[in-house]
Amino acid sequence: MENRMRSIFDAASHLFINKGYARTQIKDIAKEIGLSTGMLYVYFTGKRDILNFILKGTIDQAFITQEFELPIRSELFDSLDNEIMNAFEENTKAFSSHLDNITDYPLEQMLSDAFEVISKYGIGCLLIEKNPDDLRKLTAYYKEYRKKFYGQVLSYITQYMQTGTFRQVEHPQYITRLIIETLSWWGMHITNDAYEIQKDIPIETAKAVCMDNLLHAYQR
């Protein structure tokens with residue numbers, strides 16, 4: 001069961017991100033994992049439940065591995081939007097906890113924490129980004145979350161520049177965007193929607209390459 005649910009998670013998330021939720025049919029997901037369309041309906045009653053399954057699995061990875069009564073019931077996702085927004089709110093609060101005092105929060109740790117957030121929620125973020133018309137409520141919230149995240153990273157970088165641990169740059173606001181895009185590339189795009197997707201790259205390796213490049217470029 002666990003292996004089958006993981007296969008559905010991986011195949012459907014790939015299609016919803018790269019082909020789009022609206023253009024993906026149940027038969028496409030079934031074909032991707034080598035199942036008949038009828039067999040996939042044993043697990044899910046419809047495409048929307050598969051999308052919700054992926055989104056919930058993004059914020060709660062243990063959800064994917066639990067035992068389910070089949071087909072998976074839509075009622076499991078009744079409060080999903082609020083669960084996702086609460087997860088992002090908790091992340092916002094945790095990531096901002098050092099803004100008042102960065103003495104014991106070096107640049108390397110900040111970048112590491114930012115990468116962990118992006119890689120953890122990457123599939124869910126990409127689903128929202130690529131399917132705004134099908135996830136309108138989450139899209140509106142996600143746009144605000146991204147602004148908050150950008151503001152937090154910019155605030156950290158500004159303080160690191162003041163303490164001399166980040167090299168002086170003329171436009172920190174643009175450098176912040178470049179850093180976030182670099183973290184996002186290695187944290188979620190390379191394994192999900194890059195022009196040449198590299199599924200087999202271990203997340204630890206992606207993180208190490210990303211961190212090495214950023215620290216080499218900006219750490220003093």
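## A charge over a ring

Let's begin with a small detail: the charged end of R48 sits over the ring of Y21, 5.9 Å from the ring's centre. Keep in mind as you look around that this is a predicted model. A similar arrangement involves R6, which lies over the face of F9 at 5.0 Å from the ring centre.

## Helix α1 and its surroundings

F9 belongs to the buried residues of helix α1, a group that also includes M5, I8, L15 and F16. The helix runs from residue 2 to residue 20, which makes 19 residues. From first C-alpha to last, α1 reaches 25 Å, close to the 27 Å expected at 1.5 Å a residue.

What lies over those buried residues? The cover includes α2 (26–33), α3 (37–43), α4 (47–59) and α5 (62–65). Further along the chain, α7 (107–130) and α9 (172–192) are also among the elements that cover them.

## Aromatic pairs

If you enjoy spotting rings, there is plenty to find: a search of the whole structure gives 17 aromatic pairs. One of them joins F63 and F77 edge-to-face, with 6.1 Å from centre to centre and 70 degrees between the planes. F63 lies in helix α5 and F77 in the loop between α5 and α6 (80–95), so this pair ties together parts that are 14 residues apart in sequence. Both F63 and F77 are buried.

Another edge-to-face pair is made by F88 and Y142, at 6.5 Å centre to centre and with 80 degrees between the planes. Here distant parts of the chain are linked, since F88 is in helix α6 and Y142 in helix α8 (residues 136–163), 54 residues apart. F88 and Y142 are both buried. They also belong to one aromatic cluster, whose other members are F95, Y105, Y121, Y141, Y145, F149, Y156 and Y160.

## Two buried residues to visit

Is G124 buried or exposed? G124, in helix α7, counts as buried because its relative accessibility is 6%, under the 20% cut-off. Apart from neighbours within four places in sequence, G124 is in contact with L55 and T58. The C-alpha atoms of G124 and A62 are separated by 15 Å, and the two residues are 62 places apart along the chain.

Over in helix α8 you will find Q159. Q159 has 19% relative accessibility, so this residue also counts as buried, the cut-off being under 20%. Setting aside neighbours within four places in sequence, Q159 is in contact with L99 and I102.

## A pocket and a cavity

Which residues lie nearest the centre of the largest pocket? They are R6, F9, Q61, S119 and I123, out of 19 residues that line the pocket. R6 and F9 are already familiar as the charge and ring described above. The pocket has a volume of about 450 Å³, and α1, α4, α7 and α9 each supply at least two residues of its lining.

The structure also holds 1 cavity of 30 Å³ or more. The largest cavity has a volume of about 40 Å³. Its lining brings back some residues met earlier: G124 takes part, together with L55, T58, I59, I84, F88, Y121 and I128. Helices α4, α6 and α7 each provide at least two of the residues that line the cavity.

Methods
Residues numbered from 1 in each chain as written. Predicted model: local features only at pLDDT ≥ 70, side-chain atom pairs only at ≥ 80, totals over all residues. Heavy atoms only, no water. Helix = DSSP H or I, 4+ residues; strand = E, 2+ residues; numbered from the N terminus. Expected span 1.5 Å × (residues − 1). Buried < 20%, exposed > 50% of the residue type's maximum accessible area, 1.4 Å probe, protein only. Contact = heavy atoms within 4.5 Å. Phe/Tyr/Trp six-rings, centres within 6.5 Å; stacked < 30°, edge-to-face > 60°. Lys NZ or Arg CZ within 6 Å of the ring centre and 35° of its normal. 1 Å grid on protein atoms, 1.4 Å probe; cavity = no way out; pocket = protein on both sides within 12 Å on 5 of 7 lines; lining within 4 Å. Points joined across faces, edges and corners; volume = space filled by probe spheres on them.
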